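Visitor: I've got a structure open here and would like to walk through it with you. Mind if I start with the ligand and go from there?

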Amino acid sequence: MSHDLSDKTALVTGGGKGIGAAISRALAGMGANVVVAYRSDSAAAEQVAHEIEGKAVRCDVTEQAEVEKTVKATGRIDVLVNNAGAVRDRLLLRMTAADWDDIIKTDLTAAFHTTKAVLAEGMLRARWGRIVNMSSVVGITGNPGQSNYAAAKAGLIGFTKAIAKEVGSRSITCNAVAPGYVRTELTTGSLTDDMVAELVKFTPLGREGTAEDVAAAVAFLCSPAAGFITGHVLVVDGGLSL
Ligand code: NDP
């Protein structure tokens, strides 16, 4: 069973911190040449890139021209992980149109920009590829205060399945990973320790998830060994959503 990505180039959006950094490290551990894309935290991305002998590049995934420029400059990309994401939690009646639009742009439309650019730039011609979209269990179960984020993450699942059908004939797989709660900058502040303890109480595996738990699932879906899995949504939540 091959987990070797040694002749492959991987682009990980938001790859410099949190779950993205764990994914960058996991793919580098499989031998991939990893491009760590960041929006604002260049120091974090540079540090991860240095550690894994990859490259950090600034790329705001909501900007189509910037995405196209980054992909062109990178050349053929074999593995694309659409990991960048953000939240803007508010109950619907307090949610502004900007809260809605910004989250849809970052958590859904960005994957359209990157996937289109990567497929056009060489993945289709190479007739091999791996695309993994970072969804969330919230896109499956919903969550109060997260209608924008849940809609975007649910949208990513539909996008994943459509792309899986479009590009399957080229040996390109497209899957989604749906994590439960993982302590990162994204979630710090929105959940108190008591709320986390309550979540753990209802998690069959009895602990919080880690960025490495999620990265392991992404790494598997990016591996040659996962070549007959496409359009799948792999939930990584310790059983919380069962
Ligand atoms: P972090 O806040 O730690 O990291 C988010 C990353 O996304 C950062 O690297 C950030 O880059 C990047 N990013 C945000 N907006 C943009 C943008 N416009 N362009 C490029 N990069 C951007 O979050 P997590 O590691 O927790 O989240 C990673 C993914 O996992 C997200 O898609 C999130 O929705 C998903 N997820 C997380 C869960 C959790 O519990 N943590 C649960 C389920 C899903 P920079 O800092 O440079 O701006």
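Visitor: How many residues surround the ligand, and which are the closest?
Guide: Bear in mind that we're looking at a predicted model. Counting residues with a heavy atom within 4 Å, the shell around the ligand comes to 30 residues. The closest are S40, N83, Y149, V182 and T184.

Visitor: How does that shell divide into nonpolar, polar and charged residues?
Guide: Each residue of the shell around the ligand goes into one of those classes by its type. The split is eleven nonpolar, twelve polar and seven charged.

Visitor: Which elements give two or more residues to the shell?
Guide: Before the elements, look at some backbone atoms: a backbone N or O atom of V182 sits 2.7 Å from a ligand oxygen, and a polar backbone atom of N83 is 2.7 Å from an oxygen atom of the ligand. As for elements that give two or more residues to the shell, they are α1 (18-29), α4 (97-126) and α6 (147-167).

Visitor: What about D41, and how much of the ligand's accessible area does the protein cover?
Guide: D41 has a backbone N or O atom 2.9 Å from an oxygen atom of the ligand. On its own the ligand has 900 Å² of accessible area, and the share covered by the protein is 95%.

Visitor: At what angle do α3 and α4 pack?
Guide: Helix α3 spans residues 64-74, and its axis runs 9 Å from that of α4. The crossing of the two is right-handed. Their angle is about 35°.

Visitor: Which residues in α4 does α3 meet?
Guide: The α3 side brings Q64, V67, E68, V71 and K72. The residues of this contact divide into four nonpolar, three polar and three charged. On the α4 side, they're H113, T114, A117, V118 and E121.

Visitor: Why point out a positive phi at R127, and what is its value?
Guide: Most residues other than glycine have a negative phi, so a positive one is worth pointing out. R127 is in the loop between α4 and β5 (129-134). Its phi, positive although R127 is not a glycine, is about 55°.

Visitor: Where is S171 found?
Guide: S171 isn't a glycine, yet it has a positive phi of about 60°. Its place is the loop between α6 and β6 (172-179).

Key
Residues numbered from 1 in each chain as written. Predicted model: local features only at pLDDT ≥ 70, side-chain atom pairs only at ≥ 80, totals over all residues. Heavy atoms only, no water. Polar contact = N/O pair within 3.5 Å; in protein donor to acceptor, adjacent residues only side chain to side chain. Areas by Shrake-Rupley, 256 points an atom, 1.4 Å probe, with all protein chains shown as cover. Helix = DSSP H or I, 4+ residues; strand = E, 2+ residues; numbered from the N terminus. Axes fitted to C-alpha atoms, helices over the stretch in contact; angles between N-to-C directions. Left-handed = near helix turned anticlockwise from the far one by under 90°. Contact = heavy atoms within 4.5 Å.
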